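Me: Hey, got a minute to go through this model with me? I'd like to talk about packing and pockets.
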Amino acid sequence: MRNLVQIRDEIQSLCDTGEAILAIAEKENRDLSVEEQSQLDDIYGTDKADGKLAALKAEEARMERINAERREIAARRAAEKGLFKDSAESAPQDRKIVVPAVAKRHGKLKAFDTAENAYVSGQFLAATIFGSASSQRWLDDHGIKAAHSTGDNSKGGYAVPEPMEQSIIRLVEERGTFRQNAFVYPMSSGSIVIPRRSGGFVSYFVGENAAITASDLTLNQVKLEAKKLGVLTQISSELSEDAIVALAELVTQEIAYAFADKEDQCGFNGDGTSAYGGIVGLNSALAAGSIQDAIAGNDSALELDLADFESTISKLPRFPGLQAKWYVHSAVYWASMARLMDAAGGNTMANLAGGPSLQFLGYPVELVNVMPSTTGTLASTIVAYFGDLSMAATLGTRRNVTIRTDDSKYFAEDAMAIRATERFDINVHERGSASEAGPIIGLKTAS
């Protein structure tokens, strides 16, 4: 019988093989060959059958249950022999997490909901990144481990504990506008297709004694291929207990923000090049029918007028369930939308003191850091979007954040390398056509 480490090694090997096949095809700018697709299907499975990876993960879960049962049996035997006064009291999962006063961060935590979660994450980082034996013992004593590890610790691969993982996910969602508003789809393998309605039934008038003209519901497919996104940084190898919570705050927040900003860049500005992982975002994806050109001469945020924004709203079709919003950079919002609302008059001192609500012409406004921020002349540039992003684009998530470490890369600087990765893809599939608008419209400045 294989042990847990051997099973996880095989899982990692299969994942590496799958990623290598996808990477080669992407570098060569081509579709997968029949043989390559067959290899991926063998690893990840298909709609009709599970692949090797699913079987190995099931075996991994079974071995984890066996190991857990063994530990419980050993604990019961030890308690029966009087080695522990109270076995329930000694159970790791029942031990309360106490944050030492020296480790408590002064001021409000930004990345974590509680100091206890920050302390757990700090102990995890100290154990995995700095090899702290005391931190590892603390984690073991409290029944905390790196859940869903992609490999054994000797290879430097660790998945973050649940409090840290949840904090990273929450921060990515809070900062990342695209992830907040697009349709998020969990990917069961590195490459999947999901059905998309491309046409519906058509009704016809029927003459007397005449046959009804037939029509069909047509579907096509949206393809998602997971891209690996990584963050690499270095941290001094010296760590004291009073820095644990601060370290967890720093690493968690910076990793989340780096991933969120890149997802936004890909979703809004992606042009299909390697800088965006081959992702084509809204700016390059929308067809002519989904673009509203500003009135001639309005080539900057300072010159856009109400007619430009009203024309953008009127261009959006009324799809069932549509929940439209504006997407714009803060600088452009204040130079155009807020300016136009100020000019409408009727303000009181209380209005001016409170500032405008983030709404314009009856619709919410989402501020997007990665969109154009220039308020001066910016000809033929999309400076605002209006519509329902969840209908226009899908963000596929293949894997949550994984952290790996290396103590050799920055050896001369006496520092540790930290690499965090996630896998995702974005597909803007509802682009409109040359003459028809899709569920999101781009407002482009005059040429």
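Reply: Sure, here are some notes on the cores, one leucine and a pocket.

Reply: This is a predicted model, so local features need pLDDT of at least 70 and side-chain atom pairs pLDDT 80 or more, while totals for chains, interfaces and linings use all residues. Residues are numbered from 1 along each chain as its sequence is written, and side-chain values use heavy atoms, leaving out hydrogens and water.

Me: How many residues has the largest nonpolar core?
Reply: It has 57 residues, and F178, F268, L282, Y385 and L389 have the most contacts inside it. A nonpolar core is a set of buried (under 20% relative accessible area, 1.4 Å probe, protein chains only) Ala, Val, Leu, Ile, Met, Phe, Trp, Tyr and Cys residues joined through side-chain atoms within 4.5 Å.

Me: And which helix gives the most to this core?
Reply: That's α9, with 11 residues; helices are DSSP runs of H or I, at least four residues, numbered from the N terminus. A second, separate core of 23 residues includes Y333, F360, A437 and L443.

Me: What does L282 touch?
Reply: Leaving aside residues up to four places away in sequence, L282 touches F178, G267, F268, Y385, L389, V428 and I440, where contact means heavy atoms within 4.5 Å.

Me: Switching topic, where does L306 lie?
Reply: L306 is in helix α11, residues 306-315. Beyond four places in sequence, L306 touches L340, F360 and L361. The C-alpha atoms of L306 and L361 are separated by 9.2 Å, with their positions 55 residues apart along the chain.

Technical notes: Helices (H or I, at least four residues) and strands (E, at least two) are DSSP runs, numbered from the N terminus. Buried means under 20% relative accessible area, exposed over 50%, partly exposed in between (1.4 Å probe, protein chains only).
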